[in-house]
Amino acid sequence: MRDASDRDLCRVNPLAFAKKHGLDEECAIAAFLHASRLGIFELSWNVLCPGCGGVLEVGTTLKTINREEYDCGLCAAGYKPTLDEMVEVTFTVAPRVRHIAAHNPDTLSMVQYFRQIFWGSGVDLPDDETLAQQFEEITIDSIELSPGEKATLSVQLPIEFVIVFDPVTHGTGVPASFEQVSIAMRTGAPIPTTEPPTKPEDPQTERVLTGCSVLAALLGWLLADTLYRRKPQLPARMAASSRMLYGLVLNKYWIDELYGFLVVKPILVISRYILWGGFDRGVVGGGNRVLAGATQGAGSVLRRIQSGNIRSYAGWLAIGAAAILLLSFFGFGAHIHLGVR
Ligand SMILES: [Zn+2]
């Protein structure tokens with residue numbers, strides 16, 4: 001620990017350490033565990049990306065590895081963590097025993113950051129010089145930002161697959177056809193967003209709305225399937241638990257009752273007692289049977305209109321529309337024509 005390089009004391013894998021120094025694996029694990037209990041080394045649980053071997057998250061206890069899915073920006077795929085494939089345990093020397101550069105990751109060079117912080121201990125990397133050379137080859141441009149800092153990078157992109165990548169938060173953007181790419185990052189939780197330049201007519205919104213309605217339909221189907229096929233006992237239980245709502249819906253919000261009370265009943269009363277009974281008999285008297293018949297007819301027609309039959313309502317609507325069309329063609333049309341002259 002006194003003489004080793006900083007790198008050798010950062011994220012030591014006990015199995016690799018045992019192999020390198022010809023030691024027994026069990027003994028090496030026990031030694032590192034003991035050292036971490038004494039506070040000489042710090043144990044960490046690292047969630048690895050099975051695609052690139054990058055460390056997606058670091059936890060001090062196994063309990064901290066609790067997310068359903070871990071996303072790797074470089075591989076653009078979500079992975080479920082499985083202990084034997086994706087989680088490694090490493091030991092880093094404690095800062096109070098010996099300070100190493102990796103204790104302050106932002107002081108590391110780009111190449112050293114990738115080597116010591118980004119990748120897990122199992123990745124077989126070439127020596128520093130070769131690694132730097134390979135970075136040079138695959139990187140178009142790079143920039144380092146402090147927290148809260150913004151930057152604009154102007155680069156010439158080749159007609160090839162390109163990734164905009166941030167190794168600290170694993171955030172990414174893929175500028176396939178966009179002129180502008182922005183990566184938004186939050187500490188701890190990488191949330192990559194790739195935004196194309198906004199256009200006035202955005203087909204995205206339409207797609208989202210279509211998706212929403214399809215989703216709503218699917219949810220409706222799922223609900224019906226659950227309530228009436230898979231758990232037929234549920235509706236009764238729900239009806240019992242919220243009786244008011246159930247009654248309201250069962251009676252179709254009492255719309256028919258309200259309509260009958262406010263519209264149908266008054267019309268009937270007016271036709272029967274005022275038009276027929278009062279006006280016909282009282283005012284006109286028995287002499288004018290024609291008017292009485294017409295009034296009765298009107299009453300019966302109004303009654304028929306309020307039949308509750310949707311098809312007949314549609315019929316009346318069509319007749320009304322036809323009447324308006326006829327009027328506008330032969331009545332108002334001529335009038336407007338004259339007016340313009
Ligand atoms: Zn990856």
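Student: Let's start at the beginning of the chain. In which segment does R11 lie?

Tutor: R11 lies in the segment before α1 (14-20). Helices here are DSSP runs of H or I with at least four residues, strands are E runs with at least two, and both are numbered from the N terminus. Keep in mind that this is a predicted model, where local features need pLDDT of at least 70 and side-chain atom pairs count only at pLDDT 80 or more, while totals for chains, interfaces and linings use all residues. Residues are numbered from 1 along each chain as its sequence is written.

Student: What is the phi of R11?

Tutor: Most residues other than glycine have a negative phi. R11 has a positive one, near 45 degrees, and isn't a glycine. K252, also not a glycine, has a positive phi near 50 degrees; K252 sits in the loop between α8 (243-250) and α9 (255-284).

Student: Are R11 and K252 buried or exposed?

Tutor: Count other C-beta atoms, placed from the backbone, within 10 Å of the residue's own: 20 or more is buried, 12 or fewer is exposed, and in between is partly exposed. R11 has 22 such neighbours, so R11 counts as buried. K252 has 9, so K252 counts as exposed. Over the protein chain, 12% of the 341 residues are buried.

Student: What span does α6 reach?

Tutor: The expected span is 1.5 Å times one less than the number of residues. Helix α6 (203-230) has 28 residues and runs 38 Å from its first C-alpha to its last, close to the 40 Å expected. The number of buried residues in α6 is zero, so this helix lies largely in the open.

Student: On to the strands. What is the order in the open sheet?

Tutor: Strands of a sheet pair through backbone hydrogen bonds, either parallel or antiparallel. To count as paired here, two strands need at least two DSSP bridges between them. The open sheet has three strands in the order β2-β1-β5, with antiparallel pairing. Its edge strands, β2 (55-59) and β5 (87-93), each pair on one side only.

Student: How many bridges join β1 to β5, and which residues are partners?

Tutor: Seven bridges join β1 (41-48) to β5. V47 stands opposite V87, and F41 is bridged to V93. On the other side, β1 and β2 share four bridges, and L48 has V55 as its partner. In the hairpin of β1 and β2, with six residues between the strands, G53 has a positive phi near 80 degrees.

Student: How do α4 and α5 cross?

Tutor: Fit axes as lines to C-alpha atoms, for helices over the stretch in contact, and take angles from 0 to 180 degrees between N-to-C directions. The axes of α4 (110-118) and α5 (128-138) come within 10 Å and cross at roughly 110 degrees. That makes α4 roughly perpendicular to α5 (65 to 115 degrees; under 35 is roughly parallel, over 145 roughly antiparallel, the rest oblique).

Student: Which residues make the contact?

Tutor: Two residues are in contact if their C-beta atoms, placed from the backbone, lie within 7 Å. M110, V111 and R115 of α4 meet D128, L131, A132 and F135 of α5.
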